[in-house]
Amino acid sequence: MGKADFQECPKCSGVMMVKYNPVIPLEQNEHCFRCGYFHNVELLRTEFHMPIDCYNNEIEQLDTSNEVDWRETLLKDEKGNYQFKEQSLPGYGCYLLARVDGSSEFSTFSKPVTAEIIQELMETLKDPFYDQDKSFIAAWDIDKNEQIVLFGNAKNIPYRCKLSFKEWSEKKEKYKLEINW
Ligand SMILES: [Zn+2]
């Protein structure tokens, strides 16, 4: 999908990244950095089949001299309507595993955070490859509508993962911050 934008999350009012296709407005991917809310709508396309006679034994040696239509085709039902698939997740929080080399793995939870999930992440963090001081695990309490820091220092949580969209936008404006904050 072509473009990305930031909006207020409909679930937690946090910072949500919205990727969309400027050509097909229905196609949209929403993912919140704070609660992990996820919503994706995609039109169905034909499977991408590579014609067998396009190859000269090796995949690298693709013979593009053949006149093949490489474009994907959008699928329609018998009434001529485009078909799409829709996926949605309510959002259960987010976590960040910081590495000692300065890089990090950020992700959101796709199911309620259990003791096992925390245990697993804690085990991973024991590896000296990770920097425990900069890592965090923060569940999202859907009923109370608040973030619960399960591991790590709240001070180390990036703004986009803990502030509301409004607070984040104000800070971003005031301090001319990069998106990564
Ligand atoms: Zn959210």
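This passage walks through the strands, helices and core of a predicted model.

Start with the overall make-up. The chain holds three helices and eleven strands. Going along the sequence, the order reads β-β-β-β-β-β-β-β-β-α-β-β-α-α. Of the 181 residues in the chain, 20% are buried. Contacts that reach along the sequence also turn up: if one takes the contacts between residues at least 6 apart, 46% of them link residues at least 24 apart.

Next come the strands and how they pair up. As a bit of background, strands of a sheet pair through backbone hydrogen bonds, and the pairing can be parallel or antiparallel. Strand 3 (residues 28–32) and strand 4 (residues 38–43) run antiparallel and are joined by four bridges. One spot to look at is E30, whose bridge partner in strand 4 is H39. Together, strand 3 and strand 4 make a hairpin, with five residues between them. In the turn of that hairpin sits G36, with a positive phi of about 90°. Strand 4 has another partner too: six bridges join it to strand 7 (residues 84–89), again in the antiparallel sense. Here N40 is matched with Q87 in strand 7.

Further along there is an open sheet of four strands, set out in the order 9-8-10-11 with antiparallel pairing. Its edges are strand 9 (104–108) and strand 11 (146–151), each of which pairs on one side only. From one strand to the next, the twist averages 15°. Within this sheet, five bridges hold strand 8 and strand 9 together in the antiparallel sense, and C94 stands opposite T108 in strand 9. A helix comes into the picture here as well: helix 1 (residues 115–125) lies across strand 8, strand 10 and strand 11. Helix 1 runs at about 15° to strand 8.

That leaves the inside of the model. The largest nonpolar core is made of 23 residues, and C9, C32 and A138 have the most contacts inside it. Two or more residues each come from strand 2 (15–20), strand 8 (93–98), strand 10 (136–141) and helix 3 (165–175). Strand 10 is the top contributor, giving five residues. What does A138 touch, leaving aside its neighbours within four places in sequence? The list includes G93, C94 and Y95, then Q147, I148, V149 and L150, and finally I157 and C161. C94 therefore shows up twice in this account, since it is in contact with A138 and stands opposite T108.

Methods:
Residues numbered from 1 in each chain as written. Predicted model: local features only at pLDDT ≥ 70, side-chain atom pairs only at ≥ 80, totals over all residues. Core = buried A, V, L, I, M, F, W, Y, C linked by C-beta atoms within 7 Å. Buried ≥ 20, exposed ≤ 12 C-beta atoms within 10 Å, placed from the backbone. Contact = placed C-beta atoms within 7 Å. Pairing = 2+ DSSP bridges. Axes fitted to C-alpha atoms, helices over the stretch in contact; angles between N-to-C directions.
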